[in-house]
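Biologist: Please take one part of this model and walk me through it closely. I would like to look at the enclosed space inside the protein, and then at what lies around it.

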Amino acid sequence: VEPIEVATGEYEQEILSRYLCADGKHSLSPTALFRYIECPLKFYLHSVAKLKPQDEISDTIDALTFGNILHLTMQSLYTQLKDKSNPMAEIAKLAKRSIVEEAVDRTIEGLLHTKKELFSGDTILVRDIIIKYIIRGILRYDAQSDGFTIKGLEEEVSCAYPISNNRHVNLQGVADRIDVLPNGMLQVIDYKSGNTPHLEFNGIDALFNGSAMERISNIFQTLLYSMMLRRTQGKETMPTLYFAAKMLGDDYSPKIFNKGKGEYVEKYSDYAEEFESKLNSVLEELFDFAIPFKQAEDEDACTYCDFKKICRR
């Protein structure tokens, strides 16, 4: 099979240049940026050529919808608590089956456009799992917290990131939740619904240049949000991940663990220099129009790629 690469022609330059415009109408999301790190050609096919995978019709709730139900339900439950200092007592009161059940049902009805009475057996099964995750996982954990104030729910986070030649790349995403801790630090929280927690990584270099297994999108994304918030709000930030399925245990910690250094990531500033150095390299390469879009060298990155048939890997 012949390797594939795409030169950056006029059309490609026009698309990419939109991310550099001062009007900020077009922004790179953390997902798109990580897609480039995984495989430049994958980024090209998705974000430049605008190819979309074929939708598969299914009567069951897929992983994406499962995650959306969890995110939207948590937003619904916590909206009333936004800006309240130390809402642990109120959260404990929310952790009732009737309250959470109603919020989950409302979310599912909105996403699936169907009434509760018409939920399929599979939907009811997923519904009960999410209710358990929220009551016995997230709400229980937050109710036992040492203190925090919810400042943002599904909060848009953006940043004009400087690169060479006086250019700025518009970065933008939506953080699931942003808390202010008692010490004034911001805590970036990313809810995850998967059963396999990815809370450990082999260091910053591995996130950018490691094998497909070492490039962990969840950790990259929450570090990127931390960087954006630190630059725009001038506050120390701590990236965390709430893997709901694993929060049922008493010993869960949402902190990210750096196996390379043998330490938890307590604050982004400890990693800022290295993370932003690697990020600079990626963005300089992406916006260097002399560099073509090439396939990932590590074919393990192709295992679940939407564009496998195009590359024939």
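Modeller: What follows starts with the cavity, moves to the cysteines, and then visits a pocket and two single residues.

First, a word on trust. This is a predicted model. The chain averages a pLDDT of 94. Of the residues, 98% score at least 70. Confidence is lowest in helix α11, residues 308-311, where the mean is 90. It is highest in helix α10, residues 272-286, at 98. Where pLDDT is low, predicted coordinates should not be read in detail.

Now the cavity. The structure holds one cavity of 30 Å³ or more. About 100 Å³ of space lies in this largest cavity. Its lining has 13 residues. The closest to its centre are Cys 39, Lys 42, Cys 302, Cys 305 and Cys 311. Which helices help to build this wall? Both α3 and α11 supply at least two residues each. The largest share comes from α3, with three residues. Sort the lining by class and you get nine nonpolar residues, one polar and three charged.

Several cysteines sit in that list, so the next topic is how their sulfurs pair. How many disulfides does the structure hold? The count is zero. A disulfide is a covalent bond between the sulfur atoms of two cysteines. Take Cys 305, one of the residues closest to the cavity centre. Cys 305 is in no disulfide. The nearest cysteine sulfur belongs to Cys 311, and it is 6.4 Å away. A disulfide needs the two sulfurs within 2.5 Å, so this pair does not count as one. Is Cys 305 buried or exposed? Cys 305 counts as buried because its relative accessible area is 17%, and the cut-off for buried is under 20%.

Cys 21 is in no disulfide either. Its nearest cysteine sulfur is that of Cys 159, 16 Å away. Cys 21 is partly exposed, because its relative accessible area is 33%.

Next, an open space. The second largest pocket holds about 460 Å³. Its lining has 20 residues. Closest to the centre are Tyr 36, Ile 37, Pro 40, Arg 215 and Glu 285. Three helices each supply at least two lining residues: α2 (30-38), α8 (204-209) and α10. Of these, α10 gives the most, with four residues. Recall that α10 is also where confidence is highest. By class, the pocket lining divides into nine nonpolar, four polar and seven charged residues.

Now two single residues. Start with Lys 50. Where does Lys 50 lie? It is in the loop between α3 (40-48) and α4 (63-78). Remember that α3 also gives the largest share of the cavity lining. Lys 50 is partly exposed, because its relative accessible area is 44%. Leave out residues up to four places away in sequence, and Lys 50 touches Tyr 44 and Leu 45.

Finish with Ile 99. Ile 99 has its place in helix α6, residues 97-112. Its relative accessible area is 29%, so Ile 99 is partly exposed. With residues up to four places away in sequence left out, Ile 99 touches Leu 77, Lys 93 and Leu 94. Ile 131 is 32 residues from Ile 99 along the chain. The C-alpha atoms of these two residues are separated by 9.9 Å.

Terms used
Residues are numbered from 1 along each chain as its sequence is written. This is a predicted model: local features need pLDDT of at least 70, side-chain atom pairs count only at pLDDT 80 or more; totals for chains, interfaces and linings use all residues. Side-chain values use heavy atoms; hydrogens and water are left out. pLDDT is the predictor's confidence in each residue, from 0 to 100. Buried means under 20% relative accessible area, exposed over 50%, partly exposed in between (1.4 Å probe, protein chains only). Contact means heavy atoms within 4.5 Å. On a 1 Å grid over the protein atoms alone, a cavity is a set of points where a 1.4 Å probe fits but cannot get out, and a pocket is an open set with protein on both sides within 12 Å along at least five of seven lines; lining residues have an atom within 4 Å of a point. Grid points are joined across faces, edges and corners, and a volume is the space filled by probe spheres set on the points. Ala, Val, Leu, Ile, Met, Phe, Trp, Tyr, Cys and Pro count as nonpolar, Asp, Glu, Lys and Arg as charged, and the others, Gly among them, as polar.
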